[in-house]
Amino acid sequence: MQQSDIGKGRIIGYGIGDFGFNLFYTGLNLYLLYYYTDILRIRPEIAGLIFMVPVIWDGITDPLMGWLASRTRTRWGRYRPYILFGAPIMALSYVAMFAAPLLFPGAIVLACALSHILFRTAYTIVSIPYTALSAAMTTNSGTRSSLAGVRMLAAILGGLFTAFVTLALAARIGGDNIAAGFVGVAWIYAGFVFFLMLIVFFATAEPKHAGIPTPSLTTAETARFLRSNQAFWILFLAIFAGSLGNSIGQKALVYYVAYIVGDPDAVGIILTATLGSAALSVPLWTFLARQHSKRTVWLIASSGSAAIALAQLLIGPTTVDALLPFQVVGGIFVGGFAVIFWAMLPDTVEFGEWHSGVRDEGIAFGLNQFALKAASGLGVGLLGLALGAIGYEAGSTQGEGTQFGIRLITFGAPLSMGCIALLAISFYPVSKDMHARLVRGLKWRALRRS
């Protein structure tokens, strides 16, 4: 097993940042569509489009941010300054997503759309340098697995906290005015996330690894890096497909529990149990990723997740007691998926560098972030459109056909997209031994040039 080449303090200080990112993004993914449809009473088709339109904007800003970060040179490094100076903008824009529709009641849809785009832009400015930092901090594949493990544990705990606390806290703050309660929660989360970003900045560093030069890049060199990086594009497809299925299924689960299980209050319990099992599984998946082929670990995690989705689709559990065991076991496999793709992504940087002669972490992580955000945004958008297509009416008793549609969406989407991800990742070429050879070869190549 490869020994870590950076201290535990740096690993933990870096990883806890994802607790903050997931306070924001899980809040957006779990509750913003509900906030639009059931509190602001925006039609689900329109609410879905509010999520989908920013995906087009992400397609521009995410790669652009990666391109820009790779070319940034400061005394603090390439990526850390964006975490420090972008954090307050990101925090305030999160509050604006919930507050803007209340401040402009005559233009609610426009206020929702613009504030949503603003937040996603600010999130891009901070999150892409943050994720790229893991590849810059170390070239040790085992250490990268540890970084991914701590990150995902923090991310899942952030999601767990959001799922368990948000609705209750909003009700406590707002009382009868639940919209004001959501704004109050957003302010609390914003302050805490800003504090976490300060910790990330001061706990991390961007060392210059021996044999890994960081010259200024041209656009043509970045294009060459991407063209020759088969490993990255395979991973990109698998991440997008798997994340799209998980996004649709997770968001649809809120509607499934409310209208088919018939117990809306159980949503928090089920989400908490699911995320809790995922969090508990992270050390296991991290250990497996350090010890064995990362591709094999992905195949195991995704196969298990698809099997659980298939079982739920066929059985259609209609009580909390029947649904909960499936969700808990499914959470274990989702934890594996979350750990492994972040452990695999940095390794594609060296694969691309070896084949192209160019190293560009920023563009790889920028495009990956776009895949995740596109999957999330499209997932919510497609869910909104699908709910409209099956005749969903907020707050009403759903007909038999609508209930079947909710079931098909909740479990069929993760199953079908998971199978696509499995097929893609079976062609992933980077093994642990290959990556170690790539790192040694790159250092040897750099010494010859010097």
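Is Phe 192 buried, exposed or partly exposed? In this structure, which is a predicted model, Phe 192 counts as partly exposed, because its relative accessibility is 36%, a value that falls between the 20% limit for buried residues and the 50% limit for exposed ones.

## Aromatic pairs

The structure holds 29 aromatic pairs. One of them joins Phe 19 and Phe 192 in an edge-to-face arrangement, with 5.9 Å from centre to centre and 85 degrees between the planes of the rings. This pair links distant parts of the chain, since Phe 19 belongs to helix H2 (residues 17-39) and Phe 192 to helix H7 (residues 178-203), with their positions 173 residues apart in the sequence.

Tyr 94 and Phe 98 make up another edge-to-face pair, in which the centres are 5.5 Å apart and the planes meet at 65 degrees. Tyr 94 and Phe 98 are four residues apart in helix H4 (residues 80-103), so about one helical turn separates them. Both Tyr 94 and Phe 98 are buried, whereas Phe 192 is partly exposed. Tyr 94 and Phe 98 also take part in one aromatic cluster, whose other members include Tyr 14, Phe 21, Phe 24, Tyr 36, Phe 119 and Phe 182.

## The nonpolar core

The largest nonpolar core of the model contains 140 residues, and those with the most contacts inside it are Phe 24, Tyr 36, Met 90, Phe 98, Phe 119, Met 197 and Trp 298. Helix H9 (residues 230-261) supplies the largest share of this core, with 18 residues.

Phe 24 offers a useful view of how parts of the chain come together. When residues up to four places away in sequence are not counted, Phe 24 touches Met 90, Ala 91, Tyr 94, Phe 119, Tyr 189, Ala 190 and Val 193. Among these, Met 90 and Phe 119 are themselves listed with the residues that have the most contacts inside the core, and Tyr 94 and Phe 119 belong to the aromatic cluster that also includes Phe 24.

## A nonpolar patch on the surface

Nonpolar side chains are also found on the surface, where Trp 57, Ile 60, Leu 64, Trp 67 and Leu 68 form a patch with about 450 Å² of accessible area together. One member of this patch, Trp 67, lies in helix H3 (residues 44-70). Trp 67 is classed as partly exposed because its relative accessible area is 31%.

## Residues in loops and in helix H4

Arg 41 is found in the loop between H2 and H3, and it has a positive phi of about 60 degrees although it is not a glycine. With a relative accessibility of 57%, Arg 41 counts as exposed.

Ala 205 is placed in the loop between H7 and helix H8 (219-227), and at 24% relative accessibility it counts as partly exposed. Apart from its neighbours within four places in sequence, Ala 205 is in contact with Arg 10, Arg 80, Leu 133 and Met 137. The C-alpha atoms of Ala 205 and Ile 332 are separated by 32 Å, and the two residues are 127 residues apart along the chain.

Pro 88, by contrast, lies in helix H4, and its relative accessibility of 31% makes it partly exposed. Pro 88 and Phe 195 are 107 residues apart along the chain, while their C-alpha atoms are separated by 9.5 Å.

Terms used: Residues are numbered from 1 along each chain as its sequence is written. This is a predicted model: local features need pLDDT of at least 70, side-chain atom pairs count only at pLDDT 80 or more; totals for chains, interfaces and linings use all residues. Side-chain values use heavy atoms; hydrogens and water are left out. A nonpolar core is a set of buried Ala, Val, Leu, Ile, Met, Phe, Trp, Tyr and Cys residues joined through side-chain atoms within 4.5 Å. Buried means under 20% relative accessible area, exposed over 50%, partly exposed in between (1.4 Å probe, protein chains only). Helices (H or I, at least four residues) and strands (E, at least two) are DSSP runs, numbered from the N terminus. Contact means heavy atoms within 4.5 Å. Patches are made of residues with over 30% relative accessible area and no salt bridge: like charges are joined within 9 Å, nonpolar side chains (Val, Leu, Ile, Met, Phe, Trp, Tyr) within 5 Å. Accessible areas come from the Shrake-Rupley method with a 1.4 Å probe; for residues, only the protein chains shown count as cover. A salt bridge is a side-chain nitrogen of Lys or Arg within 4 Å of a carboxyl oxygen of Asp or Glu. Rings of Phe, Tyr and Trp (its six-membered ring) pair if their centres lie within 6.5 Å; planes under 30 degrees apart count as stacked, over 60 as edge-to-face and the rest as tilted.
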